[in-house]
Amino acid sequence: TLLFWLVGLRDNTIVLVVLAALASSITSYVLLRGMRDEMTAKLMARHEARAAARRQRTEDELAEDPT
């Protein structure tokens, strides 16, 4: 916000806030890529583990069914 204010966008507060939010979003997207990829990998591993456990539980229940 300070950067845009110094550039000369002092008069229009809405434009200043929108540009600051846009700059912040772009910066965080670029700078936090590694952390985001790591979190995605952890979530996928957890999802796959739960799906495998669910499949195993279903197979065990079918094996126990006497019919």
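A salt bridge here is a side-chain nitrogen of Lys or Arg within 4 Å of a carboxyl oxygen of Asp or Glu. Keep that handy for the exercises below, which use a predicted model.

**Exercise 1.** Which residue forms a salt bridge with K42, and where do the two partners lie?

*Solution.* Start with the distance: the closest N and O atoms of K42 and E38 are 3.4 Å apart. The cut-off is 4 Å, so this pair makes a salt bridge. Next, place the partners: both sit in helix α3, four residues apart, or about one turn of the helix. Finally, check exposure. K42 has a relative accessible area of 52%, so K42 is exposed, while E38, at 46%, counts as partly exposed.

**Exercise 2.** How many salt bridges does the rule give, and what is the D37 partner?

*Solution.* The count comes to two. D37 pairs with R33, with 3.7 Å between the closest N and O atoms. These two also lie in helix α3, four residues apart. As for exposure, D37 is partly exposed at 42%, and R33 is exposed at 53%.

**Exercise 3.** Which helix gives the most to the nonpolar surface patch?

*Solution.* First, list the members: L22, I26, Y29, V30, L31, L32 and M35 make a patch of about 780 Å². Helix α2 (residues 13–31) gives the most, with five residues. Take Y29, one of the patch members: Y29 lies in helix α2 and is exposed, at 56% relative accessible area. Now bring in the record: UniProt, in an unreviewed entry, places a "transmembrane region" at residues 12–32. In the model, that span is 90% helix and 0% strand, with its end C-alpha atoms 30 Å apart.

Methods
Residues numbered from 1 in each chain as written. Predicted model: local features only at pLDDT ≥ 70, side-chain atom pairs only at ≥ 80, totals over all residues. Heavy atoms only, no water. Patch = residues over 30% accessible without salt bridge, like charges linked within 9 Å, V, L, I, M, F, W, Y side chains within 5 Å. Areas by Shrake-Rupley, 256 points an atom, 1.4 Å probe, with all protein chains shown as cover. Buried < 20%, exposed > 50% of the residue type's maximum accessible area, 1.4 Å probe, protein only. UniProt positions renumbered as here; feature names shortened; annotations may be inferred.
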